[in-house]
Amino acid sequence: MKKITSSNYYKIYGGKKLSGTIITNGAKNSTMGLLCASILNDGKTTLYNVPEIEEVFRMIEIMQSIGMNTKWLKKNVLEIVPPKNMIFQISILLQLKKREV
């Protein structure tokens, strides 16, 4: 992995397993991005400092609808475990609820 200094992103070259820790400020937008990124991880993801707000709860519902297992370990700490087989069909009701937030 190589840090690109001209912007706030990393360029990742494949062929090696990624692991590590990311420290965020606990803002909603950071959390929403990390929730989505956790879907791509084939192992357990633990997120700390997760705001317990309606938009996050809705995203968790959507993740659960495609088979992701989520569990609040304690206040603001969320564990996410992917299923063996992902279900790529999201309920229209969940999609509508997400837009309401």
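**Exercise 1. Contacts of Leu 47**

Leaving aside its neighbours within four places in sequence, which residues is Leu 47 in contact with?

*Solution.* Work on the model above, which is predicted.

Step 1. Set aside the neighbours of Leu 47 within four places in sequence.

Step 2. List what is left. Leu 47 is in contact with Leu 34, Leu 35, Asn 76, Val 77, Leu 78 and Ile 80.

Step 3. Look at one of these partners, Leu 78. Leu 47 stands opposite Leu 78 in strand 5.

Step 4. Place this pair in the sheet. Strand 3 and strand 5 run antiparallel and are joined by 4 bridges.

**Exercise 2. The setting of strand 5**

Find the strands that pair with strand 5, then decide: is strand 5 largely enclosed or open?

*Solution.*

Step 1. Take strand 3. With strand 5 it forms an antiparallel pair, held by 4 bridges.

Step 2. Take strand 4. It also runs antiparallel to strand 5, and 5 bridges join the two. Here Lys 71 stands opposite Glu 79.

Step 3. Check burial. A residue is buried when its relative accessible area is under 20%. In strand 5, 4 of the 5 residues are buried, so the strand is largely enclosed by the rest of the structure.

**Exercise 3. The nonpolar core**

Name the residues of the largest nonpolar core and say which element gives the largest share.

*Solution.*

Step 1. List the members. The core has 12 residues: Met 32, Leu 35, Leu 47, Val 50, Val 56, Met 59, Ile 60, Met 63, Ile 66, Met 68, Leu 78 and Ile 80.

Step 2. Sort them by element. Helix 1 (28-38), helix 2 and strand 5 each supply at least two residues.

Step 3. Pick the top supplier. Helix 2 gives the largest share, 4 residues.

Step 4. Link back to Exercise 1. Leu 47 belongs to this core, and among its contacts are Leu 35, Leu 78 and Ile 80. These three are core members too.

**Exercise 4. Two residues with positive phi**

Where do Asn 49 and Asn 76 lie, and what are their phi values?

*Solution.*

Step 1. Start with Asn 49. It sits in the loop between strand 3 (45-48) and helix 2 (54-65). Its phi is near 60°, a positive value in a residue other than glycine.

Step 2. Classify its exposure. Asn 49 has a relative accessible area of 44%, so it is partly exposed.

Step 3. Move to Asn 76. It lies in the loop between strand 4 (69-74) and strand 5 (77-81). Its phi is positive, about 70°, though it is not a glycine.

Step 4. Describe the turn. Strand 4 and strand 5 form a hairpin with 2 residues between the strands.

Step 5. Classify again. Asn 76 has 21% relative accessibility and counts as partly exposed. The cut-off for buried is under 20%.

**Exercise 5. An aromatic pair and a polar contact**

Describe the aromatic pair, then the polar contact of Thr 70.

*Solution.*

Step 1. Count the pairs. The structure holds 1 aromatic pair.

Step 2. Give its geometry. Phe 57 and Trp 72 lie 6.3 Å apart, centre to centre, with 80° between the planes. Angles over 60 degrees count as edge-to-face, and this pair is edge-to-face.

Step 3. Place the rings. Phe 57 is in helix 2 and Trp 72 in strand 4, 15 residues apart, and the pair links distant parts of the chain.

Step 4. Check exposure. Phe 57 is partly exposed at 30%, and Trp 72 is partly exposed at 33%.

Step 5. Turn to Thr 70, in strand 4. Its side chain makes a polar contact of 2.6 Å with the side chain of Gln 64.

Step 6. Add its other touches. Not counting residues up to four places away in sequence, Thr 70 touches Ile 60, Gln 64, Leu 78, Glu 79 and Ile 80.

Conventions. Residues are numbered from 1 along each chain as its sequence is written. Side-chain values use heavy atoms; hydrogens and water are left out. Buried means under 20% relative accessible area, exposed over 50%, partly exposed in between (1.4 Å probe, protein chains only). Two strands pair if DSSP finds at least two bridges between them. Rings of Phe, Tyr and Trp (its six-membered ring) pair if their centres lie within 6.5 Å; planes under 30 degrees apart count as stacked, over 60 as edge-to-face and the rest as tilted. A nonpolar core is a set of buried Ala, Val, Leu, Ile, Met, Phe, Trp, Tyr and Cys residues joined through side-chain atoms within 4.5 Å. Contact means heavy atoms within 4.5 Å. A polar contact is a pair of N or O atoms within 3.5 Å; within protein, one must be able to donate a hydrogen and the other to accept it, and residues adjacent in sequence count only if both atoms are side-chain atoms.
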